[in-house]
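Work through the exercises below with the sequence and the model open side by side. Try each task before reading its solution.

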Amino acid sequence: MKKIALALAVTSVLALGACKKQAPADLPPPPQATGPSTPAPAPSTPQGLVPGTQAHFAQQMQGRDTIYFDTDKFNVDAEDQAALSQQAAYLRQYPNIRATVEGHCDERGTREYNIALGERRANAAKNYLVSLGIPAERLTTVSYGKERPAALGSNAEAWARNRRAVTIVLN
Amino acid sequence: MLSRITALIVLAFFSGNALAQEQVRVPVLEEEGGLSVTVTDDSAWQDLSIAIPSFATDRDQPTAANSQGTTALGIELGRVVYNDLRNNGLFRPVGPDSLPNPAYQQITAPSWSTWSGRSAEMLVQGYVRAGADGRLTVGCYLYDVQLQQQLVREGWVVDAADWRRAAHKCADLVYSRLSGESPFFDSKIAYIAETGPKDKRIKRLAIMDSDGANHRFITSGQSTALTPRYSPDYSKIAYVSYLNGYARIYVYDIGSGRQTLVTESQNPTFAPRWSPNGRTILYSMAVNGNTDIYSVPATGGTPRRLTDAPGIDVGGSYSPDGSQVVFESDRSGNQQIYVMNADGTGQRRISFFGGRAATPEWSPRGDQIAFTHIVGDLRVGVMSPDGRNMRHLTNSWQDEAPTWAPNGRIVQFFRTARNTGETSIWQVDLTGRNERRLPTPVGASDPAWGPVLP
């Protein structure tokens with residue numbers, strides 16, 4: 001039950017958290033209602049997901065497996081730190097799993113530079129996780145540059161969703 | 001497999017009793033509407049009207065080059081020469097489908113009245129002969145119709161499979177003689193073939209001739225391939241693959257089909273570039289998120305780090321003499337173009353015209369650097385090696401990654417469409433006027449133009 005309390009605390013911090021960065025309108029998805037009136041969800045396998053798997057991690061993160069960046073930037077701001085803290089809590093809870101951080105860019109740059117920029121973003125996220133006590137040996141990075149967009153449009157909103165670092169649990 | 005083309009010394013023709021009976025077909029030059037061109041400036045050669053009839057043959061015989069005989073092959077040869085000269089915005093050629101077919105004897109003794117009557121200023125004639133060894137002999141003659149003079153001629157012996165190369169050599173001969181520029185048609189392009197939706201795009205390494213012919217996919221598409229570069233002798237292609245999940249540079253050997261890592265590393269390596277002599281490969285490597293440029297012997301060995309700025313240093317392109325490297329760095333705060341000596345010393349910024357500047361490529365002539373200029377949109381531009389005289393060659397939503405024709409007169413690049421992300425390869429000459437899309441079977445990006453074949 002302590003873990004649930006921690007998760008709730010993180011969630012509330014996030015809800016109050018800094019919104020200085022121009023976040024995409026539709027992402028990340030809002031945290032699910034976990035108010036005091038509803039019973040807290042079971043810590044694991046609400047839909048039969050196996051703890052420590054990518055599917056379970058993604059479900060538990062509620063969108064906070066991904067952090068977003070401003071154009072050409074790779075700094076981790078307060079909002080990103082909150083998301084990464086939640087990722088770190090999960091990785092501490094399952095100490096045997098490894099993860100990789102994927103760095104991505106929007107399409108408004110050249111291909112090779114974007115591979116380098118995605119590396120910067122993935123490493124920024126990784127370094128923050130390491131600063132929270134996650135052993136570097138458990139984390140790898142990969143940059144896809146602008147090759148794997150999450151949002152398909154060619155507009156500011158899609159570009160904001162694509163400038164991201166996504167943490168993936170490796171099974 | 002490249003096979004050599006041997007120059008013939010002289011083509012001994014019997015000076016026949018000139019029947020002068022050509023098999024006249026459709027006597028039209030309709031698209032030209034009566035050519036009368038006045039030579040007014042240095043680029044007037046581009047307005048020359050050139051007649052390129054089918055190549056003649058001494059005896060129609062089957063070859064391995066086509067299912068029909070050498071007569072049909074002669075028409076194809078004329079078409080390839082015609083399309084080379086036409087598609088690049090050079091000259092105003094008329095091809096074999098609109099012209100009478102000269103007889104074999106007329107190749108060395110043109111029927112002048114036929115061509116002057118069609119207002120042709122220049123005449124390209126040729127022949128093809130099948131040899132007993134299965135190889136083809138192809139001759140190419142350029143005539144000045146008004147002067148009734150032969151300007152240049154050359155001949156080649158090629159394997160039947162390489163018949164198009166003979167036509168490209170002929171187009172190169174004509175282009176060089178009339179423009180004074182170096183040849184470029186007989187060359188190849190490596191690129192990335194793209195299929196599928198934007199978020200699940202399959203990217204395969206592929207190669208083709210400079211006119212899009214002899215297209216071949218090299219990789220299956222199971223792992224993403226990016227940014228190929230032909231070795232100067234066309235024997236290998238360096239490119240980035242996400243084989244095994246992470247970006248690494250591989251050198252693919254075209255002859256054996258095998259590939260090797262350019263350098264063993266736990267870090268991502270990308271942006272491969274060959275030195276002009278093929279002995280060194282430049283590459284970029286990210287260590288803990290910081291990308292720098294390294295060089296390594298193409299045959300393997302100890303890498304040498306050339307940059308150590310805290311910013312991203314990436315890409316690179318050698319000057320033709322191999323002494324300098326132009327590259328891209330954001331050490332000033334955003335992407336700009338820098339030049340350094342090939343050993344990494346003497347790094348200095350050359351781009352100061354505003355916006356961001358990326359993907360510099362040194363012209364094979366040495367006189368220009370092509371690059372991607374980013375000011376909202378991505379456009380292809382050129383500048384002098386000192387960073388002056390910047391000008392745009394294209395104006396579209398997203399044009400990037402220029403690569404030079406071997407003679408430094410034409411630039412290819414890839415264009416991305418808004419929203420769909422569909423890619424296509426385009427080329428433009430240095431005037432910026434003659435822009436055209438290259439025919440590719442599927443979407444296409446990252447063109448890399450190799451040198452003229454020997």
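The exercises that follow concern a predicted model.

**Exercise 1. Describe the fold of chain A.**

Solution. Start with the element count: chain A has five helices and four strands. Next, read them in order from the N terminus, which gives α-α-β-α-β-α-β-α-β. Then turn to burial: of the 171 residues of chain A, 39% count as buried. Finally, take the contacts in chain A between residues at least 6 apart in sequence; 74% of these join residues at least 24 apart.

**Exercise 2. Work out which parts of chain A touch chain B.**

Solution. First count the two sides: 22 residues of chain A are in contact with 30 residues of chain B. On the chain A side, helix 4 (111–131) and strand 3 (139–145) each supply at least two residues. Helix 4 of chain A provides the largest share, 10 residues. Sorted by character, the chain A side that touches chain B has nine nonpolar, five polar and eight charged residues.

**Exercise 3. Locate the largest nonpolar core and explain its position relative to the domains of chain B.**

Solution. A general tendency is the starting point: in soluble globular proteins, nonpolar side chains tend to be buried together. Here the largest nonpolar core has 140 residues, and A:Ala125, B:Leu77 and B:Val81 have the most contacts inside it. Domain 1 (6–179) and domain 2 (188–449) of chain B both give residues to this core, so the core lies between them. For a closer view, take B:Val81: leaving out residues up to four places away in sequence, B:Val81 touches B:Ile52, B:Val124, B:Ala167, B:Cys170 and B:Ala171.

**Exercise 4. Characterise the contact between the two domains of chain B.**

Solution. Begin with the assignment, which gives chain B domain 1 (6–179) and domain 2 (188–449). The C-alpha centres of domain 1 and domain 2 of chain B lie 36 Å apart. Six residues from domain 1 and eight residues from domain 2 of chain B take part in the contact. On the domain 1 side, helix 1 (residues 70–87) of chain B gives the most, with three residues. The residues of the domain 1 side that touches domain 2 of chain B divide into four polar, two charged and no nonpolar.

**Exercise 5. Trace the sheet formed by strands 16 to 19 of chain B.**

Solution. The order of the four strands in this open sheet of chain B is 16-17-18-19, with antiparallel pairing. The edges are strand 16 (269–274) and strand 19 (304–305) of chain B, since each pairs on one side only. Now follow one pair: strand 16 and strand 17 (residues 280–287) of chain B are joined in the antiparallel sense over four bridges. Within this pairing, B:Thr269 stands opposite B:Met285 in strand 17 of chain B.

**Exercise 6. Is B:Arg436 buried or exposed? Place the residue in its surroundings.**

Solution. Find the element first: B:Arg436 lies in strand 31 (residues 435–437) of chain B. Then apply the cut-off, by which a residue is exposed if 12 or fewer other C-beta atoms lie within 10 Å of its own. B:Arg436 has 12 other C-beta atoms within 10 Å, so B:Arg436 is exposed. Its contacts, not counting residues up to four places away in sequence, are with B:Asn87, B:Trp426 and B:Gln427. As a last step, compare two separations: B:Arg436 and B:Pro303 are 133 residues apart in sequence and 40 Å apart in space, C-alpha to C-alpha.

Key:
Residues numbered from 1 in each chain as written. Chains lettered and ligands numbered in written order. Predicted model: local features only at pLDDT ≥ 70, side-chain atom pairs only at ≥ 80, totals over all residues. Pairing = 2+ DSSP bridges. Buried ≥ 20, exposed ≤ 12 C-beta atoms within 10 Å, placed from the backbone. Contact = placed C-beta atoms within 7 Å. Core = buried A, V, L, I, M, F, W, Y, C linked by C-beta atoms within 7 Å. Domains from an automatic or database assignment. Nonpolar A, V, L, I, M, F, W, Y, C, P; charged D, E, K, R; others polar.
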